[in-house]
Amino acid sequence: MRANASATFVAGMSLLLASSIRTEDLARESAVFAAAARQQIAEHLDDAARARGTVVCVGINPGEAPQSPSREFLSRLGRDKVVRRLSECEPRPKGAVEATTSRPAVMVTVGPIEWRADDEAWVTVTYFRTKTQSAIRRYRVVHEDTGWVSLGQIILDAPP
């Protein structure tokens, strides 16, 4: 009976450890997505875009398909009132718009992540403003003393 209890305890501790490691991985992944999204918001919402009333609709692609982030995730992007969930916008022939107001929009999806090191990730970013103003690019996100920060687009002259 005692051996069975010990085995149960070891199995329980293993599950707890695996769960906490997975939670840490998800928190790190979420921080990288947030850093990439903040950089995209700053890039797409210049003074001219703000004057036009443009909104940025953010999505996350963990690897399978883009999805709208939680409200909690959006709160990590700052207090900007022009940030929306991906599902709140739609691509149209003349360009992206906020679905309920028809305000001009930029649809941005961050991810998937390619881990280069424990403190460096390359994040694929897809954005759509209009048919001619859209792209898929990779951005470098690194961990610094202040947290995760997007350093900008990666431009390669040859395959990695």
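This report describes the fold, the sheet, the nonpolar core, the disulfide and the salt bridges of one protein chain.

## Overall make-up

The structure is a predicted model, and its protein chain has 160 residues, of which 38% are buried. The secondary structure of the chain comes to three helices and eight strands, and a reader who follows the elements from the N terminus on meets them in the order α-α-β-α-β-β-β-β-β-β-β.

Contacts between parts of the chain that lie far apart in sequence are also part of the picture. Among the contacts in the protein chain with a separation of 6 or more, 47% are made by residues 24 or more positions apart.

## The sheet

Six strands form an open sheet with mixed pairing, and their order across the sheet is β2-β1-β5-β6-β7-β8. The edges are taken by β2 (83-85) and β8 (147-153), and because each of these strands has a single partner, one side of each is left without a neighbour in the sheet. From one strand to the next, the twist averages 35°.

At the β2 edge, β1 and β2 pair in the parallel sense, with three bridges between them; here valine 56 has valine 83, in β2, as its bridge partner. At the β8 edge, β7 and β8 pair in the antiparallel sense over six bridges, and these two strands form a hairpin with two residues between them. Within this pairing, arginine 140 has glycine 152, in β8, as its bridge partner.

In a regular strand, side chains alternate between the two faces of the sheet.

## The nonpolar core

The largest nonpolar core has 37 residues, and the members that touch the most others are Val58, Leu77, Val110 and Val123. Several elements supply at least two residues each, namely α1 (2-44), β1, α3 (71-75), β5 (105-117), β6 (120-128) and β7 (134-144). The largest share comes from the helix α1, which supplies eight residues of this core. As a general tendency, nonpolar side chains in soluble globular proteins are buried together.

Valine 123 can serve as an example of the surroundings of one core member. Leaving aside residues up to four places away in sequence, valine 123 touches Val32, Ala36, Val110, Gly111, Pro112, Ile113, Arg137, Arg138, Tyr139 and Val141. One of these contacts, Val110, also belongs to the group of core residues that touch the most other members.

## The disulfide

A search of the whole structure finds one disulfide, which is formed by cysteine 57 and cysteine 89, with their sulfur atoms 1.7 Å apart. This pair links distant parts of the chain, since cysteine 57 lies in strand β1 (residues 55-60) and cysteine 89 in strand β3 (residues 89-90), with the two positions 32 residues apart in the numbering. Both cysteine 57 and cysteine 89 are buried. In general terms, a disulfide is a covalent bond that joins the sulfur atoms of two cysteines.

## Salt bridges

The structure holds seven salt bridges. Side chains of opposite charge can pair when their charged atoms come close. One of the salt bridges joins arginine 92 to glutamate 90, and the closest N and O atoms of this pair are 2.8 Å apart. Arginine 92 counts as partly exposed because its relative accessibility is 31%, and glutamate 90 counts as partly exposed at 30%.

Glutamate 114 takes part in two further pairings. The side chain of glutamate 114 meets that of arginine 116 in a salt bridge, at 2.5 Å from N to O, and glutamate 114 also forms a salt bridge with arginine 138, where the closest N and O atoms are 3.7 Å apart. The pair of arginine 138 and glutamate 114 links distant parts of the chain, as arginine 138 is in strand β7 and glutamate 114 in strand β5, 24 residues apart. Through salt bridges that share partners, Glu114, Arg116 and Arg138 are joined into one network.

The three residues of this network can be described by their accessibility as well. Glutamate 114 is partly exposed, with a relative accessible area of 32%, and arginine 116 is partly exposed too, with a relative accessible area of 40%. Arginine 138, at 25% relative accessibility, likewise counts as partly exposed, and this arginine is also among the residues that valine 123 touches.

Notes:
Residues are numbered from 1 along each chain as its sequence is written. This is a predicted model: local features need pLDDT of at least 70, side-chain atom pairs count only at pLDDT 80 or more; totals for chains, interfaces and linings use all residues. Side-chain values use heavy atoms; hydrogens and water are left out. A disulfide is a pair of cysteine sulfur atoms within 2.5 Å. Helices (H or I, at least four residues) and strands (E, at least two) are DSSP runs, numbered from the N terminus. Buried means under 20% relative accessible area, exposed over 50%, partly exposed in between (1.4 Å probe, protein chains only). Two strands pair if DSSP finds at least two bridges between them. Axes are lines fitted to C-alpha atoms, for helices over the stretch in contact, and angles run from 0 to 180 degrees between N-to-C directions. A nonpolar core is a set of buried Ala, Val, Leu, Ile, Met, Phe, Trp, Tyr and Cys residues joined through side-chain atoms within 4.5 Å. Contact means heavy atoms within 4.5 Å. A salt bridge is a side-chain nitrogen of Lys or Arg within 4 Å of a carboxyl oxygen of Asp or Glu.
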